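Student: I would like a close look at one part of this model. Please take the aromatic rings, then move on to whatever else is worth a look.

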Amino acid sequence: MKKRHEMKVLSVETIAKETVEMKLYQPEVSQQTVPGQFLHLLVPGFTLRRPISIAKVDRQEGTVTILFKIVGGGTKALAAYQPGMTVDALGPNGNGFSIDDVSEGGRVLLIGGGIGIPPIYHLAKRLSEKNVELVAVLGFQSKDYVFYEEAFKKIAETYVVTNDGSYGHQGFVTHVFPEVGAFDQYFSCGPLPMLRAVTTELQDSKGKVSLEERMGCGVGACMACVLPTVDNSYKKICSDGPVFSAQEVIL
Amino acid sequence: MKKRHEMKVLSVETIAKETVEMKLYQPEVSQQTVPGQFLHLLVPGFTLRRPISIAKVDRQEGTVTILFKIVGGGTKALAAYQPGMTVDALGPNGNGFSIDDVSEGGRVLLIGGGIGIPPIYHLAKRLSEKNVELVAVLGFQSKDYVFYEEAFKKIAETYVVTNDGSYGHQGFVTHVFPEVGAFDQYFSCGPLPMLRAVTTELQDSKGKVSLEERMGCGVGACMACVLPTVDNSYKKICSDGPVFSAQEVIL
Amino acid sequence: MNLEVKLPGLTLKNPIMPASGCFGFGKEYSEFYDLSRLGAIIMKAATQFERFGNPTPRVAETSSGMLNAIGLQNPGVERIIANEVPRLAEYDTSIIANVAGSSLEEYIFVARAFNETNDVNALELNISCPNVKEGGIQFGTDPDMAKKVTAAVKEASNLPVYVKLSPNVTNIAEMAKAVEEAGADGLSMINTLTGMKLHLPTGKPLIANQTGGLSGPAIKPIAIRMIYEVRQQVSIPIIGMGGISTAEDVLEFLQAGADAVAVGTANFQNPFACVDIIDALPETLIKYQYTSVQDVIERRGAVV
Amino acid sequence: MNLEVKLPGLTLKNPIMPASGCFGFGKEYSEFYDLSRLGAIIMKAATQFERFGNPTPRVAETSSGMLNAIGLQNPGVERIIANEVPRLAEYDTSIIANVAGSSLEEYIFVARAFNETNDVNALELNISCPNVKEGGIQFGTDPDMAKKVTAAVKEASNLPVYVKLSPNVTNIAEMAKAVEEAGADGLSMINTLTGMKLHLPTGKPLIANQTGGLSGPAIKPIAIRMIYEVRQQVSIPIIGMGGISTAEDVLEFLQAGADAVAVGTANFQNPFACVDIIDALPETLIKYQYTSVQDVIERRGAVV
Ligand SMILES: Cc1cc2nc3c(=O)[nH]c(=O)nc-3n(C[C@H](O)[C@H](O)[C@H](O)COP(=O)(O)OP(=O)(O)OC[C@H]3O[C@@H](n4cnc5c(N)ncnc54)[C@H](O)[C@@H]3O)c2cc1C
Ligand SMILES: Cc1cc2nc3c(=O)[nH]c(=O)nc-3n(C[C@H](O)[C@H](O)[C@H](O)COP(=O)(O)OP(=O)(O)OC[C@H]3O[C@@H](n4cnc5c(N)ncnc54)[C@H](O)[C@@H]3O)c2cc1C
Ligand SMILES: Cc1cc2nc3c(=O)[nH]c(=O)nc-3n(C[C@H](O)[C@H](O)[C@H](O)COP(=O)(O)O)c2cc1C
Ligand SMILES: Cc1cc2nc3c(=O)[nH]c(=O)nc-3n(C[C@H](O)[C@H](O)[C@H](O)COP(=O)(O)O)c2cc1C
Ligand code: FES
Ligand code: FES
C-alpha cells in the first residue's frame, strides 16, 4: 500500500538566486526512487500539494534531496522551513526516466532548463554508474541562477548556457546542439517552450522528456494533468508521466 | 496614532488543564495597559483576530502576560508558539476596570470564573497597590483547571469554588457569597451564565462586569459585538467595554 | 459505534463516500487503503461517448479552495461498465454512478446503460456540472428543465436517483422541490460554485476553460446554508458535500440536514481523507453526545 | 506612479476604498492612519430610521472567510448626515453613502436626504443585503425590482448611483444589465454570499440570525468570475470587491473588469489593510509591466 510520509528536514540552503536545496530524511522513499519521479508536498495553509522532483537520493544515508525555485506562496513557505521540522509528502510519484534502453558504451545527451535540471542531475548520477558517456547542456536565465555546474562537470561534458549571456554560452540550449556531437538518445526537462524547441530540433533522435502541468490529486484520479498523445488519446502527467517518449506526446 | 504591535514571545507554559500562560515582550503596550483591557491577536491561517485579556504587566521588564484556554483552532495554534516567535497584536484595546471610585480603606469583592480570572487578577494587583481590602471568589470547572490560587492568596482573602466539588467549595461562585461579608463594590469576569447569576444575586450592590462577544474588527467599526443597554440603546463590547457597570447593561 | 445509514436503495456501513470526480474510479486510492472501508463510492461522471474534456490548465488553487474545469473527461458509459464497475464491485461497498449529459437523450442513454448492470446501486444525476458548455448547466438552474430530466431518468432506470444540485442559483429550495416532485429519491448537494482566477502576467483566466468550479472548505458555509434551507422544505434524503475535511465537518452537515456525505477536494490534500474521517467519526459523535449517526439525523428534527 | 481613476462623479487619487460596513464611519480607523490617503470612503449603510440590527452573535469565522449578520445597524440617515459626514468631510477624500432600505419609499427617503448635503459624492445603492428580512434581498435578486429601485433612486437624487449587486443569483449579468438600463452610473460588486455555520454542541446556527453573509478571500474567485462576466456585457464602471487583501488582488480585480475596488474583511485582520495596499500597488503594477492604474483598465480591453 502507498503511504503518506513525514519527511524530516535536515538542511535548507539557497544555492542560487531564488533556488533552494532541501535535504530530507526518509529511508523508504530514498530506496524506492528512480530519477524523474517527484514528491507531492503538503504545505500548510495551501489547498493543493506541490509537485517537486527528486534531485538526488543517498540510499546509505536514507536521504532525498529536492531543489526548488521560489515562485509563489507555496515554495516561499517551503523555503522558510527549518531543520528538524517535517514535511508531509506523497511519493515517489509518477514514472521516471527508464534507462533500460541505454546501452553500455553509448553516448547520452542531457538537456536541462532552469528548475528542470534537478531530475536531470538525478538521472546523470544514475547513468554515470553505467558505462555511458554523458554530455549535459544546462540552460539558465542568467548567471545568478546557475547551480550544479560543478556537480555535472564531474560526470559529464558540460555546457552552460544563459539567456542573457551573463555566463557560459549565450542564448538557448538548442544553440549549442551543433557542438555536442553524436549521441544515441537524449533526456530533457525544463520549461515547455524549451522542450518544444528541443523536441523539434531533435525530432530525428530518440528522446525522453519530463513534463509539468498544474495538478489536483497528483496520483492519477482527478484528470487535471492530462496531455494529448499522438495516437489520439491522452496520458496523465502525474501517473503515466511525468516522463514520456518525445515521439509519443503532443507538446 | 494606534499601532499594530509585533510582540515577542518570552515563554509559553501550561499552568492548568487546557490553560496556557504566555509572556510577551512589548514595552509600549506594557506601559499603556489598565486592567480589563485586551489584546487582539492575529493567528496565521485564521480570518479573525482573537481577543485575549491582559492578565498582568511588568512595566519594568516591559512585559505583558496573557492566559488563555485552548478551546478551538486559534488558541490551539497560539499554544504551540515557541519562545522567540512574535505575535501580531492590536492593543491594549477597550476600556478596562475604572478604579477611581474605589476609596482607600474600602473593601472590594472580586469574582472570577474560569478563563475570566486573568483580568480579575490584573485588577487585584492594581487594587493591592491601593489601601483596599480584597476578597476574591474564584470559580473553576474542577480541580484540574485551578490556577493562580497562590497568587491571589498573597493579596486577597481567597475562596476557590469548583462546580464538581473536586477542590475548595462545591457549586457556583454565588454559593459562597453569604460568607464573604460586606463590600463597597464588586468586579466580575467570567462566562455569561455566571455573570447573570452574579449580577442578579448582587443587584443591590455597585458592580462592574467584563463581557465577551464574538468580534469582527475588535476596534468599534463593524458592530459585531453590540450589547443592549438599559436606556434602550446599545454599547460595543470591544470599544465601549469590555467592562461595564452592572446597572447599565442587559445580560 | 453504529455509523450505519439507510437511504433509498443503499445501506451504508458509514455515511462517508468520496465525491464524484475526486476519486476517479477508485483505482488510484485503492493503492492507499482498502476501499471496502467506504460507505459507498461515487464514480466519476459518465457520458454516452468518451469525452476528452477541456484543455489544460484545468485546476487552480484559491484561498481554502480550488477551481476545476476538467470537462467531464471519461471513457464513456460502456467502457465504465465494462472496465471500472466490475473492479469496484469486488469491494464490500455500494457503487453510485454519476450520470452526466448535454441533452435529455444522453442522460437517458447513460441511465439506461447503468440500469443493465447488477453492480450499480444508485444513480447520482449530475445536472449541475458548470464546466460543460453545451447546455449541461441549464438543466441545473432552471426548475422546469431539472424536473424534465429527473422524470426522464427515473423512467429510464429502476435505480434510485439522487439529483445533484448546482449552488449557482437564486433559489435552491425551488430547485430541490422541483426534482422532488419529479420523483427524485434523494438529493446530492452541492456541486461547485462557478469561479475564476486570473493569471496576473497575462491578465487572462488561468484555467483554459476560463471559469472553473470552486470547491473545498471555502464553500462549506454555502453548502451548509443550502442544505439547511432545503431540509426545511423537502423530505427526501440529502447526500451533503462541499468542503468536508474532518469528522466535525461531517457532523455539521448531518446536523444541517444531510443523511450521508461525500468528500471531494480533501482527498487531494490527504489521500486518506475518507478513512481518517471514518476513524474519527465515533469519537466526534461521542464528544457532542450522540450515540450513532442515526441519532444525529433523528435529533435534528427537534432542533430545526 | 499615477494611481488616479476617474469614475462618474468621483476623481479618486487611488482606486482603493474601504467597503461599506467594514469601516464604520471611519472614526475608529482614523486612529490608525490619515484617512486622506484613501481613494474614497464608503460609509456603513444608512436607513431612514435608526436600526438596532440583529441579535448577537453576529459574526462567525469560516475557512478564509467570515459570516456576518449585523442587520444594518445604523443611527439613521439624519444623524449620519449630522454627525458623521461633516467629520469625514474634513479629510481629503471622496465620500460614498451606502443607501439601504426595506421598501421603495425608504430607499427614496435616504437617497433624497443625502442629496441635500454637499459633502457626499456618490451613492452606493445597497439592494443586496442578505441580512435584512423584510424584503431588502428581493430587490437584489429580481431584475425588475432592481430596475425599479434604481430608477426611483436616480430620480430622487442628482448624485451618481452605483448599484451594489448580490452574488446570490443565477444570472449576474442579467441583474447588471437591468440596472444599467434603469440608469445606474456604475456597479458595485459583489456583496456577500449567503452562508451558515452551525454550533456543534447545539446543532443550531451559530449566528443568531441563522444565516449570514460570507466575505473574505474565500469568495474572491466568485467575485472575479462575476465581474469578468458582467464586464463583457455592460459598459458602466464597476467598483469591485470580495476578498481583496493584497495589491495583487487589486490588480486581478482591475484585470477582470473593475475600475476601482473596495476592501472589506481585510480591515479586521489588518487595520492598515487599505494603506498597505495603496503603498504596495505601484511596485505591483511595475512588476506586471503596467504604467498606471488607467493602463491596466485600458489594456484589459485587448485581453478580454
Ligand atoms: C512533475 C513536476 C515536477 C516539478 N519539479 C519541480 C522541481 O524539482 N523544482 C521546482 O522548483 N519546481 C518543480 N515543479 C514546479 C513546481 O511544482 C511549482 O513551481 C510549484 O508548485 C509552485 O508553487 P507555488 O506555491 O510556489 O506557486 P504558485 O504559483 O502560488 O502556485 C499556485 C498553484 O499552481 C501550481 N503551480 C504553479 N506553477 C506550477 C508548475 N510550473 N507546475 C505545476 N504546478 C504549478 C502550484 O502547485 C499550486 O497548485 C514541478 C512540477 C511538476 C508538475
Ligand atoms: C474581551 C474578551 C477577552 C477575552 N479574554 C480571554 C482570556 O483572557 N483568555 C481566554 O482564554 N479567552 C478569552 N476570551 C475568549 C477568547 O477570545 C476565545 O476563547 C477565543 O477567541 C477562541 O478562539 P479559538 O480559535 O480557540 O476558538 P474557536 O471557537 O475555533 O473560534 C472561532 C471564532 O469564534 C470566536 N470565539 C470563540 N469563543 C469566543 C468567546 N468566548 N468570546 C469571543 N469570541 C469567541 C473566536 O475569536 C473566533 O473568531 C476573551 C474574549 C473576549 C471577547
Ligand atoms: C477535480 C474535480 C472534479 C469533479 N468532477 C465532478 C464530476 O465529474 N461530477 C460531479 O457531479 N461532480 C464533480 N465534482 C464536484 C464534486 O463532486 C463536489 O460536488 C464538489 O467538489 C464539492 O465538494 P468538495 O468541496 O468536498 O470538493 C468535481 C470536483 C472536483 C474538485
Ligand atoms: C461586518 C460586515 C458588514 C457589512 N455591512 C455592509 C453594509 O452595511 N452595506 C453593504 O452594502 N455591504 C456590507 N457588507 C459587505 C461588504 O461591503 C463587501 O461587499 C463584502 O464584505 C465583500 O468584501 P470583502 O470580502 O472584502 O469583505 C458588510 C460586510 C461585513 C463583513
Ligand atoms: S493530478 Fe490528478 S490525475 Fe494528475
Ligand atoms: S468587534 Fe467590531 S465593533 Fe466590536
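Student: Is A:Phe183 buried or exposed?

Tutor: This is a predicted model. A:Phe183 is buried, because its relative accessibility is 19% and the cut-off for buried is under 20%. Its ring partner is A:Tyr186. The two centres lie 6.5 Å apart, with 85° between the planes. That makes the pair edge-to-face. A:Tyr186 is buried too, with a relative accessible area of 0%.

Now the wider count. Over all chains there are 24 aromatic pairs. Take A:Phe147 and A:Tyr148 as another example: their ring centres are 5.4 Å apart and their planes stand at 75°, so this pair is edge-to-face. A:Phe147 counts as buried at 5% relative accessibility. A:Tyr148 is buried as well, at 12%. Both rings belong to a cluster. Ring pairs link them there with A:Tyr121, A:Phe140 and A:Phe152.

Next, chain C and its annotated site. An unreviewed UniProt entry lists a "binding site" with residues including C:Ser20, C:Lys44, C:Asn98, C:Gly216 and C:Gly242. The lining of the largest cavity takes in residues from this set, among them C:Lys44, C:Asn126, C:Lys164, C:Gly242 and C:Thr265.

Look at C:Lys44 in detail. This residue sits in the loop between strand S4 (40-42) and strand S5 (59-62) of chain C. C:Lys44 is buried, with a relative accessible area of 8%. Leaving out residues up to four places away in sequence, C:Lys44 touches C:Ser20, C:Gly21, C:Gly24, C:Phe25, C:Ile70, C:Leu72, C:Gln73 and C:Asn98. Of these contacts, C:Ser20 and C:Asn98 are also on the UniProt list.

C:Gly242 lies in another loop of chain C, between strand S15 (238-240) and helix H7 (247-256). It counts as buried at 10% relative accessibility. Setting aside neighbours within four places in sequence, C:Gly242 is in contact with C:Gly216, C:Ile219, C:Lys220, C:Ala223 and C:Phe253. C:Gly216 is itself one of the listed "binding site" residues.

Last, the relation between copies. Chain D can be laid on chain C with an RMSD of 0.0 Å. The operation is a turn of 180° with a shift of 0.0 Å along the axis. The two copies are therefore related as by a two-fold rotation axis. Their contact fits that picture. Of the interface residues of chain D, 100% are also interface residues in chain C, so the copies meet through the same surface.

Key. Residues numbered from 1 in each chain as written. Chains lettered and ligands numbered in written order. Predicted model: local features only at pLDDT ≥ 70, side-chain atom pairs only at ≥ 80, totals over all residues. Heavy atoms only, no water. Least-squares fit on C-alpha atoms with pLDDT ≥ 70 in both. Contact = heavy atoms within 4.5 Å. Phe/Tyr/Trp six-rings, centres within 6.5 Å; stacked < 30°, edge-to-face > 60°. Buried < 20%, exposed > 50% of the residue type's maximum accessible area, 1.4 Å probe, protein only. UniProt positions renumbered as here; feature names shortened; annotations may be inferred. 1 Å grid on protein atoms, 1.4 Å probe; cavity = no way out; pocket = protein on both sides within 12 Å on 5 of 7 lines; lining within 4 Å. Helix = DSSP H or I, 4+ residues; strand = E, 2+ residues; numbered from the N terminus.
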